[in-house]
There are 2 protein chains.
Amino acid sequence: MTLRDIEIFVTVCELKSMSAAAKKLYMSQPAVSQTISQMEGELQVRLFDRIGRKLTLTYPGEILYSYGRRILNLVKEAESTLDDVRNMRMGRLRVGASTTVGIYLLPEIIGEFRKRFSVDVYFTIDNTAGIEKLISDNSIDLGIVEGPVHSREIVVIPYIDDELYLVCSKNHRWAEKKSISPAEIENEDIIMREKGSGTREVFEETMARNNVRYRIKYVLTNTEAIKKAVEANIGVSVISRLAVEKEIRGGRLVKVDIGNIRFERKFSIIYHKDKFKSNLFEEFIRHLYNFSSNIK
Amino acid sequence: MTLRDIEIFVTVCELKSMSAAAKKLYMSQPAVSQTISQMEGELQVRLFDRIGRKLTLTYPGEILYSYGRRILNLVKEAESTLDDVRNMRMGRLRVGASTTVGIYLLPEIIGEFRKRFSVDVYFTIDNTAGIEKLISDNSIDLGIVEGPVHSREIVVIPYIDDELYLVCSKNHRWAEKKSISPAEIENEDIIMREKGSGTREVFEETMARNNVRYRIKYVLTNTEAIKKAVEANIGVSVISRLAVEKEIRGGRLVKVDIGNIRFERKFSIIYHKDKFKSNLFEEFIRHLYNFSSNIK
DNA sequence: TCAGTTTCATAATATCATATTATTTTACTA
DNA sequence: TAGTAAAATAATATGATATTATGAAACTGA
């Protein structure tokens, strides 16, 4: 019994005629006859009583008619749902991101995306290595990470140029100057993320490259906590512009230049090289670039 | 998309491997590959991500898998239900009968039948012409009637020989004699069914054939009411043995012979000549004959 | 009642989807 | 890095499912 068989049978039931069903299905009448009698043979039940030249459903016929309609409806529903997926009227996108992007950038990006498309967006935050693993597993469709990616099977495309800013409280003595020499930092209390974080890595590497000594007095794993501590003038810190732009604009934190030292890094979009790029996937990447051009 | 396609797709989903699915379905691996990629072409969605040589379902793939299982389950359920019908584990039988048989015989027959088979039995009582019409319509599967059937398209097979008994109250003067001469009936008050009833037809026809005059004093359309009236000695009546056997055995009514006059008729089983005789149908006819041999 | 029409069934044949085998490409494994 | 295994591709074979042609039965209307 095929779906075609069921479709033919249901049509015959509804039109109470094989010829009429044949016409409706744009096929010959004998094809319909054959299909019905073949079904009767396979199922070993009579589906129609042929009384005169009138067809009436037998009891098993009525049962099959009821099931047949349910089956065809389910198939139609499945096809139309897939069509919705194809046209992005529904869908699923699993995104992963490393900490900074995940907390300060992606929530808004995803929010905007969901305004445009009513799709489910799953969102995971982990460090770069964790996101890389999830991509390899095909547990997420796409990632945005700060660190370098090692797997050869992962496509890496540049996304946003990030920069870490040296920030201090508006009550700090640097707040007026807005610019210091590298030497001035040496005796300052610095609040910093823990070892292993991308932010700290960039900070230490840049400082070393410029031969600037420094003193990390407080270690906090949470960027928000660091911001609060800096605002309270407990120390200064070096934080991604994504995390502090709002506070700088609001005057609660002040960005301070250190000669011409800049703490730079790149965020990358990553995905598996064999990943099939669905319409939704491509649309999301376009969305990412549109969004980034607004914040540059 | 055919049921076969869905079956193949679902198997691949469950085994997460095309080769394994091919093995399980006793078919070649390329056939599976082709089916899947053809489905992807038709539905215009990617169903699997081929990452390395591992298959993982895409989002549309997961949707189709869920629908696919529901569809296959429904098909299986339909087939097994039809199998139940074929094996008489369920079914439907629509029976019609004319008044006397319908009231005094069929309820018990159907009750016994339902003890043997858990099937739905629909039961209609009408006069012979009405039952004949329902057979022609295929509104009922089988009828039991007393009168003659006219349509050439209806098969009539003899069922039970019925006889009408002249009955009187145990307090009637005939109750002792149990036999009278035809002439004795002429001055007796007779209670009788209405014109057009099979019972009255046989009564009048037999009386006329034997040149016996009679006087119908009371007309009642309901046989039970007639029995009560006779019991109350309001008059005598002529009633099918099926309707009065119990009362005669109980002594509440007395059967009286009128010389050697007998009111005889036949009940017939009727069905449409083109009717497909399902197992249940045949079984019911066997059941009817078994039952009748108990009451003869 | 009987020709004309309609409906379903059957038979012979054609077509096309769906299988098969053979082979290539790619990736995992020892 | 060879060996193995999985999926994809290509060419071909097979068989189910169409088609046309025709027949039988039954309804319709003069």
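By class, the surface near DNA strand C is made of seven nonpolar, eleven polar and five charged residues. I start there, with the caveat that this is a predicted model.

Which residues come nearest to strand C? Of the 23 around DNA strand C, they are Ser19(A), Gln29(A), Arg50(A), Ser28(B) and Gly52(B). On the DNA side, 57% of the strand C atoms within 4 Å of the protein belong to sugar or phosphate, and the rest belong to bases.

Now the individual contacts on strand C. Lys273(A) has a side-chain N or O atom 3.5 Å from a phosphate oxygen of the strand. Arg4(B) places a polar side-chain atom 3.4 Å from a phosphate oxygen of DNA strand C. Gln34(B) goes to a base instead: one of its polar side-chain atoms is 3.1 Å from a base oxygen of strand C. As for secondary structure, α2 (18–24) and α3 of chain A, together with α3 of chain B, are the elements that give two or more residues to this surface. The largest share, five residues, comes from α3(B).

Next, strand D. Here 22 residues surround the DNA, and the closest are Ser28(A), Gly52(A), Ser19(B), Gln29(B) and Arg50(B). Sugar and phosphate make up 56% of the strand D atoms that come within 4 Å of the protein. The residues of this surface divide into seven nonpolar, ten polar and five charged.

Which elements supply at least two residues each to the surface near strand D? They are α3 (29–43) of chain A, and α2 (18–24) and α3 (29–43) of chain B.

For the contacts on strand D, Ser28(A) has a side-chain N or O atom 2.6 Å from a phosphate oxygen. Ser33(B) also faces the backbone, with a polar side-chain atom 3.1 Å from a phosphate oxygen of strand D. With Gln34(A), the partner is a base oxygen of strand D, 3.2 Å from a side-chain N or O atom.

On to chain A itself. An unreviewed UniProt entry annotates residues 1–58 of chain A as "domain: HTH lysR-type". Over those residues the chain is 60% helix and 14% strand, with the end C-alpha atoms 18 Å apart.

Last, helix α4 of chain A, residues 59–86. The helix has 28 residues and reaches 41 Å from first C-alpha to last, close to the 40 Å expected at 1.5 Å a residue. Its N-terminal end is capped by Thr58(A), where a side-chain oxygen lies 3.1 Å from the backbone nitrogen of Gly61(A). Just after the helix, Met88(A) takes a positive phi of about 60°.

How values were computed: Residues are numbered from 1 along each chain as its sequence is written. Chains are lettered from A and ligands numbered from 1 in the order in which they are written. This is a predicted model: local features need pLDDT of at least 70, side-chain atom pairs count only at pLDDT 80 or more; totals for chains, interfaces and linings use all residues. Side-chain values use heavy atoms; hydrogens and water are left out. A residue is near a molecule or strand if one of its heavy atoms lies within 4 Å of it. A polar contact is a pair of N or O atoms within 3.5 Å; within protein, one must be able to donate a hydrogen and the other to accept it, and residues adjacent in sequence count only if both atoms are side-chain atoms. Helices (H or I, at least four residues) and strands (E, at least two) are DSSP runs, numbered from the N terminus. Ala, Val, Leu, Ile, Met, Phe, Trp, Tyr, Cys and Pro count as nonpolar, Asp, Glu, Lys and Arg as charged, and the others, Gly among them, as polar. The expected span of a helix is 1.5 Å times one less than its number of residues. UniProt positions are given in the numbering used here, feature names are shortened, and annotations may be inferred rather than shown by experiment.
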